[in-house]
Amino acid sequence: MLPPPAGPPATVAAGGDGDRPPVSLADFAELARRALPPGVWDFVGGGSGVETTLAANRAALDRVAVLPRVLTGVERPRTHAPLLGREQAMPVAVAPMAYQRLLHPDGEPALAAAAGAAGVPYVLSTLSSTPVEEVTAATAGPVWFQLYWLRDRGLVADLLDRSHAAGCAALMVTVDVPVLGRRLRDVRNGFALPPEVTAANLPAGRDDLAHAGTPGVSAIAAHTEAAFAPALTWADLAWLRERTRLPLLVKGVLDPRDAVRAADVGVDAVVVSNHGGRQLDGAPATATMLPEVVAAVGERIEVLLDSGVRSGTDVLRALALGASGVLLGRPMLWALAAGGRAGAQAALDLLAVELRDALTLTGCADPTQARRLRTLTGD
Ligand SMILES: Cc1cc2nc3c(=O)[nH]c(=O)nc-3n(C[C@H](O)[C@H](O)[C@H](O)COP(=O)(O)O)c2cc1C
């Protein structure tokens, strides 16, 4: 018998009569919806266009049936697995997500500390609302730095130096944002950052556009267009590979041909991602593309997946399709909104329980064995 999941702390469960502690990551979404201003809820939950890809990510994961093995003699599987050559408590990292003080005043340090306590890496966004130095100081766990390539290459070099000096353990460059996808919820809401939430890794004033609320305009999109380099090439990636000795991940790959080119440049991993359905609406679901990417480069580099992961079963599905691990996105923001660091920790504890259950039910002693399971997609 597995022990029951540790109950989430009172701060997470609190919310009025009839509230019950969250028993799934979706329950954190409901708590967050009640806690957040509607514009922030939409900024986090929304996708681009008519949100076809946002929905497709879930639908594709739901279509993946995993074939259990029986009589394997496994009683209590280990959830530990290597990511980038280092053993982690789960094959999971917290995805890079901008401006976490929108969700809770404790923001990035709280989420990083929760990830560290759960034994999984925390990926810090370039657009963090806390400086990288403060985030690495807030956790004993590994922090990976996510780079958005800015037009100002001096600033890129500065971010690389600072993240390295602050002790970041890996570098993840995001390549699917030449411009921000057209996120209609933010456009309709005229969404802009409140004054107290800033792009704290950038020099003061470089985020002014993100604060400029204009009806019918997403200030986040306006800031991105002004700040991000839109026309990167493989030569830029090679420059980055030369410039850092840290493990390098490329996030936002969907086409196996791009995965092969990334492997040729010498990256350590690709993240099969469509940015949680926030960039090209109409891009394929990540679970649909994962097997092709694994077939193309899985022998040479690690392949991670994100976009739509909502449970331990989803982690198992990704592993069975050949991923080495996953990034967990929105559910971590919802848990942060619901209960700060304690909420985020409760969500990761729950995920660990779910993953252990999924491994037990498929007869796997650990996540590595799950990569040998068969899947059926019903297509
Ligand atoms: C509010 C929000 C902010 C995000 N900010 C970033 C970012 O700064 N850098 C980045 O590479 N990806 C960013 N992403 C994308 C996530 O890293 C990840 O790819 C996506 O959320 C995964 O999908 P999921 O939320 O369905 O799990 C963001 C996503 C959300 C929801």
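## A walk from a buried strand outward

Strand β6, residues 143-147, is mostly covered, with 5 of its 5 residues buried. The model is a predicted one. Start at this strand and look at its two sides. On one side sit V143, F145 and L147; on the other sit W144 and Q146, and all are buried. Both faces of β6 are thus covered.

Now turn to the neighbours of β6. Strand β5, residues 122-124, runs parallel to β6 and is joined to it by 3 bridges. Here L124 stands opposite F145. Strand β7, residues 170-174, also pairs with β6. The two run parallel, and 4 bridges join them. F145 has a bridge partner in β7 as well, namely L171. F145 is therefore a handy landmark: look for L124 in β5 and for L171 in β7.

Helices connect these strands into units. β5, helix α6 (residues 132-137) and β6 make a right-handed β-α-β unit. A second right-handed β-α-β unit is made by β6, helix α7 (residues 153-165) and β7. Strand β6 takes part in the unit with α6 and in the unit with α7.

Next comes the nonpolar core. The largest one holds 122 residues. Which of its residues touch the most other members? They are V270 and V272. Helix α15, residues 330-361, gives the most to this core, with 17 residues. Take V270 as the way in. Leaving out residues up to four places away in sequence, V270 touches L249, V250, V253, A259 and A262, and also V293, V297, I301 and V303.

Helix α14, residues 312-320, is mostly covered too. Of its 9 residues, 8 are buried. The buried ones are G312, D314, V315, L316, R317, A318, L319 and A320. Note that D314 and R317 are on that list. After α14 comes G322, whose phi is positive, near 110°.

Now find the ligand. There are 22 residues around the ligand, and A95, S125, T174, G276 and G329 come nearest. Two elements give two or more residues each to this shell: α3 (38-45) and β11 (325-328). What is the make-up of the shell, by nonpolar, polar and charged residues? It divides into 10 nonpolar, 9 polar and 3 charged.

Two loop residues complete the tour. P21 lies in the loop between α1 (10-13) and α2 (25-35). Why is P21 classed as partly exposed? Because P21 has 16 other C-beta atoms within 10 Å, while a buried residue needs 20 or more and an exposed one has 12 or fewer. P21 also shows how the chain folds back in space. P21 and A346 are 325 residues apart in sequence, yet their C-alpha atoms are 9.9 Å apart.

R78 is in the loop between β1 (65-67) and β2 (81-83). R78 has 17 other C-beta atoms within 10 Å, so R78 is partly exposed. Setting aside neighbours within four places in sequence, R78 is in contact with A365 and D366. T130 is another matter. R78 and T130 are 52 residues apart along the chain, and 34 Å separates their C-alpha atoms.

Note on methods: Residues numbered from 1 in each chain as written. Predicted model: local features only at pLDDT ≥ 70, side-chain atom pairs only at ≥ 80, totals over all residues. Near = placed C-beta within 6 Å. Nonpolar A, V, L, I, M, F, W, Y, C, P; charged D, E, K, R; others polar. Core = buried A, V, L, I, M, F, W, Y, C linked by C-beta atoms within 7 Å. Contact = placed C-beta atoms within 7 Å. Pairing = 2+ DSSP bridges. Right-handed = clockwise from strand over helix to strand, strands pointing away.
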